[in-house]
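Here are some notes to read alongside the structure, offered as a colleague's numbered points. I hope they help you find your way around.

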Amino acid sequence: MNNKKTFVDPLVDNNPITRQILGICSALAVTVKVEQALVMTLALTFVVTMSNTIISLLRNYIPSSIRIIVQLTVISTLVILIDKILQAYMYEISKSLTVFVTLIITNCIVMGRADGYAMQNNVKDSFLDGLGNGLGYGMILIAVAFFRELLGFGTILNFQILPEALKNGLMTMPPGAFIILGLIIWVQRSLTTYVEK
């Protein structure tokens, strides 16, 4: 697989949320506001990119019997680092995301890429794969958050766009996230003509 395909494939054709149906919990939980989705995107992209890079660097030195423990240690360290940075520089957002940021440790996208890709590929490809998967995840998160915030609160990044009368309370609740995410998955699969086998 060439470098461009490694990076671009998870953005559309093999998106971790719309194609692989991974990371759904955070896609539903942190998408009430665009600001939260942006921060979560940056956090997960940093963790998956750096963990892929580090695991790929260490892959020839990690005994297969403890590979999952090593991967969890690397991922946990990166998550703690990003959580502390958020607490230091974005305290209010950190308070609203703290549980979800710490759950990146068990996010199946991060673990899957570390074990399924970084353990078998070189550093450059692993970096690009992590970056592509993080951004692919983030694109869907931000799209869901955009529609939820716009239709639920009438705002985008706290700027009033729609009048109060057009607000829809359903979009501020988890069923609203399911509806928006389902529509995005349907559109993406229709455009890529992907069919489940």
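1. Gln188 is a good place to begin: in this predicted model, Gln188 is buried, with a relative accessible area of 10%. The cut-off for that label is under 20%. Gln188 belongs to helix H8, which covers residues 174-192. Setting aside residues up to four places away in sequence, Gln188 touches Val12, Asp13 and Thr18. A glance at those three partners will show you the surroundings of this side chain.

2. Next, helix H4. H4 has 23 residues, running from 67 to 89. From its first C-alpha to its last, H4 reaches 33 Å, close to the 33 Å expected at 1.5 Å a residue. Which residues of H4 are buried? They are Val70, Gln71, Val74, Ile75, Leu78, Val79, Ile82, Asp83 and Leu86. As a reminder, an α-helix has 3.6 residues a turn, so residues three or four places apart point the same way. The cover over the buried residues of H4 includes helix H3 (34-58), H5 and helix H6 (108-118).

3. One of those covering helices is H5, residues 91-102. H4 and H5 pack at an angle of about 160°, and their axes are 8 Å apart. That makes H4 roughly antiparallel to H5, and the crossing of the two is left-handed. On the H4 side, the contact is made by Val79, Ile82, Asp83, Leu86, Gln87 and Tyr89. H5 contributes Tyr91, Ser94, Thr98, Val101 and Thr102. By class, this contact of H4 with H5 has six nonpolar, four polar and one charged residues. Val79, Ile82, Asp83 and Leu86 are contact residues here and are also listed among the buried residues of H4.

4. How do H4 and H6 pack, and at what angle? The angle is about 130°, with the axes 10 Å apart. H4 and H6 are therefore oblique to each other, since the roughly antiparallel class needs an angle over 145 degrees. H4 passes H6 in a right-handed crossing. From H4, the contact takes in Arg67, Ile68, Gln71, Leu72 and Ile75; from H6, Val110, Met111, Ala114 and Asp115. The contact of H4 with H6 has six nonpolar, one polar and two charged residues. Gln71 and Ile75 take part in this contact and are listed as buried in H4.

5. H6 also packs with helix H7, residues 123-153. The axes of H6 and H7 come within 11 Å and cross at roughly 155°. H6 and H7 are therefore roughly antiparallel to each other, and H6 passes H7 in a right-handed crossing. Ile109, Arg113, Tyr117 and Ala118 of H6 meet Asp125, Ser126, Asp129, Asn133 and Tyr137 of H7 in this contact. The residues of the contact of H6 with H7 divide into four nonpolar, two polar and three charged.

6. Back to H3, through one residue. Is Ala43, which is in helix H3, buried or exposed? Ala43 is buried, with a relative accessible area of 2%. Leaving aside its neighbours within four places in sequence, Ala43 is in contact with Ile82 and Ile104. Ile82 is one of the buried residues of H4 and also belongs to the contact of H4 with H5. Ala43 and Leu81 are 38 residues apart in sequence and 9.9 Å apart in space, C-alpha to C-alpha.

7. The loop between strand E1 (155-156) and strand E2 (159-160) deserves a look at its backbone, and Leu157 is placed there. Phi of Leu157 is near 50°, a positive value in a residue other than glycine. At 41% relative accessibility, Leu157 counts as partly exposed. Asn158 lies in the loop between E1 and E2 as well. Although Asn158 is not a glycine, it has a positive phi of about 70°.

8. Finally, Ile161 lies in the loop between E2 and H8. Which residues does Ile161 touch, not counting those up to four places away in sequence? They are Leu150, Gly154, Thr155 and Ile156. Ile161 and Leu151 are ten residues apart in sequence, and their C-alpha atoms are 9.6 Å apart in space.

How values were computed:
Residues numbered from 1 in each chain as written. Predicted model: local features only at pLDDT ≥ 70, side-chain atom pairs only at ≥ 80, totals over all residues. Heavy atoms only, no water. Axes fitted to C-alpha atoms, helices over the stretch in contact; angles between N-to-C directions. Helix = DSSP H or I, 4+ residues; strand = E, 2+ residues; numbered from the N terminus. Parallel < 35°, antiparallel > 145°, perpendicular 65-115°, else oblique. Left-handed = near helix turned anticlockwise from the far one by under 90°. Contact = heavy atoms within 4.5 Å. Nonpolar A, V, L, I, M, F, W, Y, C, P; charged D, E, K, R; others polar. Buried < 20%, exposed > 50% of the residue type's maximum accessible area, 1.4 Å probe, protein only. Expected span 1.5 Å × (residues − 1).
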